[in-house]
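Okay, thanks for having me, everyone. Let me put the structure up on the screen, and then I'll walk you through it.

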Amino acid sequence: MRAIIIVMLAVQAAIFCVAVFAIALRKPSAKRPAPIWSSFAISLLVVGNVSIQIAGDHPGASGAEVLYFGGAMLIGMALTCALLLFRERREGTRGSDRRSGAVDRRGKPRQDGAD
C-alpha cells in the first residue's frame with residue numbers, strides 16, 4: 001500500500017471521528033455552541049474530493065477502493081451538513097438555540113420558559 005493512500009485513509013478516519021464527536025456526542029453549552037455546519041461541509045467536501053482524486057490516480061493499488069468509498073461517504077456527509085445549514089438559515093435560528101431552550105420549536109424566542 002502506498003504511503004499517500006495510508007495517510008489519506010488516516011485523514012478520512014480522523015475527520016470522520018471529529019465530525020461524529022462534534023455532532024453526536026458533545027453537548028452544546030453557552031461556552032461551546034453546536035457545530036457550525038458550513039465549516040463541517042467545507043472540510044468534509046475537501047477531504048472527500050481529495051480522497052477520490054488520489055484513489056483515481058492510483059487504480060488497482062491496494063486500499064484505493066476503500067479510499068474511494070470513504071471519499072464518497074464524506075461528500076455525502078458534506079451535503080447533509082449543507083442541507084442542515086440551509087434549514088437553519090431558512091428558520092432564522094441556530095441548532096444550538098433550539099437545543100439550549102432559548103427558542104421554542106417554531107424558532108421564536110421564549111418568553112416565559114414554557115414550550
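**A walk through the helices**

Let me start at a small spot: right after α3 comes Gly92, and its phi is positive, near 85°. Keep in mind that what you're looking at is a predicted model.

Now let's zoom out. How many helices and strands does the protein chain have? There are 4 helices and 0 strands, so if you read along the sequence the pattern is just α-α-α-α. The chain has 115 residues, and 34% of them count as buried. It exposes about 7,500 Å², with carbon and sulfur atoms supplying 64% of that. And if you take the contacts with a separation of 6 or more, 60% of them are between residues 24 or more positions apart.

Okay, helix by helix. α1 has 23 residues, which should span 33 Å at 1.5 Å a residue, and its end C-alpha atoms sit 32 Å apart, which agrees. The buried residues here are Ile5, Met8, Gln12, Ile15, Ala19 and Ala22, and the buried residues of α1 pack against α2 and α3.

Next up is α2, residues 37-57. That's 21 residues reaching 30 Å from the first C-alpha to the last, close to the 30 Å expected. Its buried residues are Trp37, Phe40, Ala41, Leu44, Val47, Gly48, Ser51, Ile54 and Ala55. What do they pack against? The buried residues of α2 pack against α1 (3-25) and α3 (64-91).

Then α3, with 28 residues: the expected span is 40 Å, and the end C-alpha atoms are 41 Å apart, so that agrees too. Its buried residues include Leu67, Gly70, Gly71, Leu74, Cys81 and Glu88.

So what holds the middle of the picture? Let's look at the core. The largest nonpolar core has 20 residues, and the ones with the most contacts inside it are Ile5, Phe40, Leu44, Leu67, Leu74 and Cys81. α1, α2 and α3 each supply at least two residues of this core. Take Cys81 from that list: not counting residues up to four places away in sequence, Cys81 touches Trp37, Phe40, Ala41 and Leu44.

Two of those residues come back in another role. A search of the whole structure finds 1 aromatic pair. The rings of Trp37 and Phe40 have their centres 6.5 Å apart and their planes at 45°, so this pair is tilted. Trp37 and Phe40 are 3 residues apart in helix α2, which means about one helical turn separates them. As a reminder, an α-helix has 3.6 residues a turn, so residues three or four places apart point the same way. And are these two buried or exposed? Trp37 is buried, and so is Phe40.

Now for my favourite bit, a polar pair. Ser51 lies in helix α2, and Ser51 is buried, with a relative accessible area of 0%. Gln12 is over in helix α1, and at 7% relative accessibility Gln12 counts as buried, because the cut-off for buried is under 20%. Which side chain does the side chain of Gln12 make a polar contact with? The partner is the side chain of Ser51, at 2.8 Å.

Both of them have other company as well. Leaving aside neighbours within four places in sequence, Ser51 is in contact with Met8, Gln12, Leu67 and Gly71. On the same basis, Gln12 is in contact with Val47, Ser51, Val66, Leu67, Gly70, Gly71 and Leu74.

Let's follow one of those names, Gly70. Gly70 is found in helix α3, and at 8% relative accessibility Gly70 counts as buried. Gly70 and Ala13 are 57 residues apart along the chain, yet their C-alpha atoms are separated by 8.7 Å.

One last stop, Met73, which also lies in helix α3. At 35% relative accessibility, Met73 counts as partly exposed. Met73 and Gln12 are 61 residues apart in sequence and 9.8 Å apart in space, C-alpha to C-alpha.

That's my tour. To recap the main point, α1, α2 and α3 each give at least two residues to the largest nonpolar core, and Gln12 and Ser51 meet through a polar contact between their side chains. Happy to go back to any part of the picture.

Technical notes: Residues numbered from 1 in each chain as written. Predicted model: local features only at pLDDT ≥ 70, side-chain atom pairs only at ≥ 80, totals over all residues. Heavy atoms only, no water. Expected span 1.5 Å × (residues − 1). Buried < 20%, exposed > 50% of the residue type's maximum accessible area, 1.4 Å probe, protein only. Contact = heavy atoms within 4.5 Å. Areas by Shrake-Rupley, 256 points an atom, 1.4 Å probe, with all protein chains shown as cover. Core = buried A, V, L, I, M, F, W, Y, C linked by side-chain atoms within 4.5 Å. Polar contact = N/O pair within 3.5 Å; in protein donor to acceptor, adjacent residues only side chain to side chain. Phe/Tyr/Trp six-rings, centres within 6.5 Å; stacked < 30°, edge-to-face > 60°.
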